[in-house]
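User: Hi, I'm new to this one and would like a walk through the side chains. Could you put it up on the screen?
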Amino acid sequence: MAELSNIVEVYISRETTQIDTASFDKPLFLVELPDTVNNTDPMNPVYTPADVSQRVRAYTSLTSVGTDFGIDSAAYRMVAKAFSGDQRPSTVYIGAKNTVETYAQGVQAVLAASNEWYILAIDSKSATNISAVAEIIQATRKMFFASTADAAVINPTSTTDVGYTLSNSNYDRTVLVYHPDAVTAHPECAWLGSQI
């Protein structure tokens with residue numbers, strides 16, 4: 001019997017993009033930039049223009065997020081949730097979208113600016129924005145954590161909510177969390193922070 005090497009030559013090539021392993025513990029939060037930020041304590045607010053010079057910035061402390069985005073911002077609340085547990089990321093990225101961009105456009109711009117993160121969360125809880133971002137993330141090797149306050153997602157007979165839409169689209173790179181106060185509680189950020 002002839003040996004296989006005398007019959008056919010086999011070449012194995014992996015042409016896939018490798019994800020930097022360090023990126024798995026660095027989430028990115030996409031937020032809409034405010035016009036101004038309150039970077040002091042709530043009793044004595046001082047408002048200054050928001051910094052729009054960088055699309056993506058890395059943060060290792062909540063204080064720095066408060067300085068750049070304000071202590072009453074979605075960015076601050078999201079990072080506070082991610083940093084709230086015993087197990088937490090050492091670094092988070094905040095991606096900025098401006099008010100004229102859609103969330104889909106913001107995600108595309110952030111992807112073009114930085115690939116050093118793996119998990120994405122956005123400050124919007126809109127079903128339209130969640131679906132649009134999920135579609136983009138589905139085509140990448142990243143994950144998207146989102147939350148909604150729409151109680152229809154916990155109704156197994158509903159066919160109009162964002163949970164049904166995501167499931168029906170077979171988006172397996174998106175995690176959706178229901179919370180009645182999702183807009184301010186950002187439960188997905190606490191969950192992803194504890195998993196890193």
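User: Leaving aside neighbours within four places in sequence, which residues is Val65 in contact with?

Analyst: Leaving aside those neighbours, Val65 is in contact with Tyr59, Gly70, Ala75, Tyr76, Val79 and Ile94, where contact means heavy atoms within 4.5 Å. Before going on, a word on the basis: this is a predicted model, in which local features need pLDDT of at least 70 and side-chain atom pairs count only at pLDDT 80 or more, while totals for chains, interfaces and linings use all residues. Residues are numbered from 1 along each chain as its sequence is written, and side-chain values use heavy atoms, with hydrogens and water left out.

User: OK, and which residues have the most contacts inside the largest nonpolar core?

Analyst: Those are Phe29, Val65, Phe69, Val79, Ile94 and Leu192, in a core that has 23 residues. A nonpolar core here is a set of buried Ala, Val, Leu, Ile, Met, Phe, Trp, Tyr and Cys residues joined through side-chain atoms within 4.5 Å; buried means under 20% relative accessible area, exposed means over 50%, and partly exposed is in between, with a 1.4 Å probe and protein chains only.

User: Which elements supply at least two residues each?

Analyst: β1, α2, α3, β5, β6, β7 and α8 each do so, and α3 gives the most, with four residues. These labels follow DSSP runs numbered from the N terminus, helices being H or I runs of at least four residues and strands E runs of at least two. Apart from this core lies another one, of 21 residues, among them Leu28, Val56, Ala134 and Tyr171.

User: Switching to rings, how many aromatic pairs are there?

Analyst: The count comes to two aromatic pairs. Rings of Phe, Tyr and Trp (its six-membered ring) pair if their centres lie within 6.5 Å, and planes under 30 degrees apart count as stacked, over 60 as edge-to-face and the rest as tilted. Tyr59 and Phe69 form an edge-to-face pair, with 6.1 Å from centre to centre and 65° between the planes. Tyr59 lies in strand β4 (residues 56-59) and Phe69 in helix α2 (residues 62-69), so this pair ties together parts that are ten residues apart in sequence.

User: Are those two rings buried or exposed?

Analyst: Tyr59 counts as buried at 4% relative accessibility, and Phe69 counts as buried at 7%. Phe145 and Trp191 form a tilted pair, with 5.3 Å between the centres and 55° between the planes. Since Phe145 lies in strand β7 (residues 143-148) and Trp191 in helix α8 (residues 187-195), that pair ties together parts 46 residues apart in sequence. Phe145 is buried, at 9% relative accessibility, whereas Trp191 is partly exposed, at 38%.

User: Back to Phe69 for a second: which side chain has a polar atom 3.4 Å from its backbone oxygen?

Analyst: That is the side chain of Ser73. The pair falls under polar contacts, meaning N or O atoms within 3.5 Å where, within protein, one must be able to donate a hydrogen and the other to accept it, and residues adjacent in sequence count only if both atoms are side-chain atoms. Ser73 is in the loop between α2 and α3 (74-82), and it counts as buried at 11% relative accessibility.

User: And how many salt bridges are there?

Analyst: The count comes to four, a salt bridge being a side-chain nitrogen of Lys or Arg within 4 Å of a carboxyl oxygen of Asp or Glu. One of them joins Lys125 and Glu188, whose closest N and O atoms are 2.6 Å apart. This pair links distant parts of the chain, with Lys125 in the loop between β6 (119-122) and α5 (127-138) and Glu188 in helix α8, 63 residues apart. Lys125 is buried with a relative accessible area of 12%, and Glu188 is buried with 0%.

User: What do the buried residues of α8 pack against?

Analyst: They pack against β1 (28-32), α3, β6, β7, β8 (174-178) and α7 (182-185). The buried residues of α8 are Pro187, Glu188, Cys189, Leu192 and Gly193.

User: Where is Arg57's salt-bridge partner, Asp68?

Analyst: Asp68 is in helix α2, while Arg57 is in strand β4, eleven residues apart. In this salt bridge the closest N and O atoms are 2.9 Å apart, and Arg57 counts as partly exposed at 24% relative accessibility.
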